Amino acid sequence: MKIFSQLKQALSQTALPDLQGKDYVQLQVQAKQSLSGSELLGWLGAKSAYPHFFWQQREDECTLLASGAVEAFSSLASAQAFSQAHGLALVGGLQFNNQASFILPRLLLVKKGPILTACLTLKASEIASIEDFLADFEELASLQTGQNTLLNQHALCNFERWQANIGQAIQGMAQKAFNKVVLANATELTFAQPLCPYSLLNASQAKNPHSYHFLWAENKERAFIGSSPERLYARTGHHLQTEALAGTVAVGENEAQSQANADWLLHDLKNSYENWLVVEEIQENLVELVKDIEVSDLQIKRLSLVQHLYRSIQAHLEPGVQDNQILAHLHPTAAVAGIPYQSAFDFIQAVEPFERGWYAGTLGYFSPQAAEFCVTIRSAQLQANQARVYAGAGIVEGSEPETEWREIERKALAMIQLFNHNH
């Protein structure tokens with residue numbers, strides 16, 4: 001595409017800044033052109049340098065794409081120290097179990113409105129090889145269309161085990177081990193052909209509006225993708241925005257039914273209680289990091305298949321608070337783990353027959369000026385011709401296994417329907 005040729009040419013002709021005392025150099029160029037999600041994903045899919053990172057903000061104000069890493073961090077503290085010392089933005093996130101993966105991207109593409117910014121980051125010692133890093137810059141992969149032929153589908157946790165897990169959870173609550181725990185299931189799908197994560201995410205962008213869309217691929221074989229309605233937090237300077245998204249009902253077959261379901265959800269005591277538990281947990285977790293905190297009234301957030309109870313939370317950070325502290329205090333939230341966190345986390349590890357990995361983790365970016373992370377729910381891990389699709393439900397006293405089972409099946413459908421499979 002012409003735009004990528006222009007950007008490549010501009011990058012290779014950019015005058016080098018003064019290298020005096022600099023460890024890293026960023027060459028940055030801009031162009032104006034409206035690009036679709038499929039064009040951006042096609043660009044990323046053609047890049048030979050891994051990891052690949054794609055992250056589209058929920059209100060579609062900003063899309064980030066990264067290929068390759070100049071530096072990689074498996075510790076949140078060292079990632080933060082690096083960003084602070086060099087004033088550079090890092091992308092990546094934390095898995096459910098808090099394992100960190102952050103990178104300083106080699107190539108970063110930022111789309112804001114019609115403006116596309118390309119940034120190439122080099123170590124001072126690499127200046128001589130600029131052209132090498134731009135070799136496949138213009139290339140675009142064509143995204144697959146058509147059906148994926150399903151060979152096999154099975155849930156890793158069957159209904160009997162699910163029922164037993166919920167029984168155990170409610171028993172744990174009766175014994176005051178925890179007030180809430182979020183239990184998940186994973187569905188394994190095997191297809192006749194290898195899956196294309198870029199094509200699937202492109203389909204998800206069309207089917208799941210008002211969501212964060214993300215992809216993290218450590219190598220060519222494995223990719224984690226999803227479309228999440230939930231923000232972990234956004235920070236601009238000292239201003240922090242987070243939210244409580246918990247409590248679920250289906251979208252109806254027509255507008256009247258959807259509205260009736262939403263009205264029921266707003267007034268249902270079990271769901272309101274589940275949401276308020278998340279609010280309280282967030283307030284408690286942030287208390288030493290913020291000066292003041294404001295919680296909005298209960299609202300409905302409607303998605304393509306489900307509706308959630310939602311409260312927006314705003315706060316002002318104390319001076320000197322950094323993103324590694326915010327991440328450590330907020331992730332994983334009560335909306336994906338439980339309350340109190342440690343006993344809920346231990347229970348999840350004991351009863352779930354699979355590792356969550358990136359599911360219910362967080363992906364995004366941080367820099368000294370700003371940060372934003374989403375919660376990686378409504379997601380799937382892809383490897384070759386297999387997909388593992390995850391979905392969870394908040395269990396509190398009064399939760400019924402059949403109702404919660406139907407809820408996770410509805411949530412998983414947001415990803416499963418993307419495969420457009422035939423038997």
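This is a short dialogue on reading one helix and the cavities in a predicted model.

Q: How many residues does helix α5 have, and what distance does it reach from its first C-alpha to its last?

A: Helix α5 covers residues 159-174, which makes 16 residues. The helix reaches 22 Å, close to the 22 Å expected at 1.5 Å a residue.

Q: Which residues of α5 are buried, and why do they line one face of the helix?

A: Let's start with the general idea. An α-helix has 3.6 residues a turn, so residues three or four places apart point the same way. Now for this case: the buried residues are Trp162, Asn165, Ile166, Ala169, Gly172 and Met173. Seen down the axis of α5, they fall within an arc of 115 degrees, so they line one face. On the other side, Glu160 and Ala174 are exposed.

Q: What do the buried residues of α5 pack against?

A: Their partners are two strands, β8 (180-191) and β20 (386-395), and two helices, α10 (341-351) and α11 (401-416).

Q: How many cavities of 30 Å³ or more are there?

A: A cavity is a space where a probe fits but cannot get out. Here the count comes to two. The largest holds about 180 Å³ of space, and of its 21 lining residues, the closest to the centre are Ala335, Ile377, Arg378, Gly392 and Lys411.

Q: Which element gives the most to the lining of the largest cavity?

A: That is β20, with five residues. You have met β20 already, as one of the elements that α5 packs against.

Q: What about the second largest cavity?

A: About 50 Å³ of space lies there. Its lining includes Trp216, Phe224 and Trp358, and β10 gives the most to it, with three residues.

Note on methods
Residues numbered from 1 in each chain as written. Predicted model: local features only at pLDDT ≥ 70, side-chain atom pairs only at ≥ 80, totals over all residues. Heavy atoms only, no water. Helix = DSSP H or I, 4+ residues; strand = E, 2+ residues; numbered from the N terminus. Expected span 1.5 Å × (residues − 1). Buried < 20%, exposed > 50% of the residue type's maximum accessible area, 1.4 Å probe, protein only. Arc of directions from axis to C-beta. Contact = heavy atoms within 4.5 Å. 1 Å grid on protein atoms, 1.4 Å probe; cavity = no way out; pocket = protein on both sides within 12 Å on 5 of 7 lines; lining within 4 Å. Points joined across faces, edges and corners; volume = space filled by probe spheres on them.
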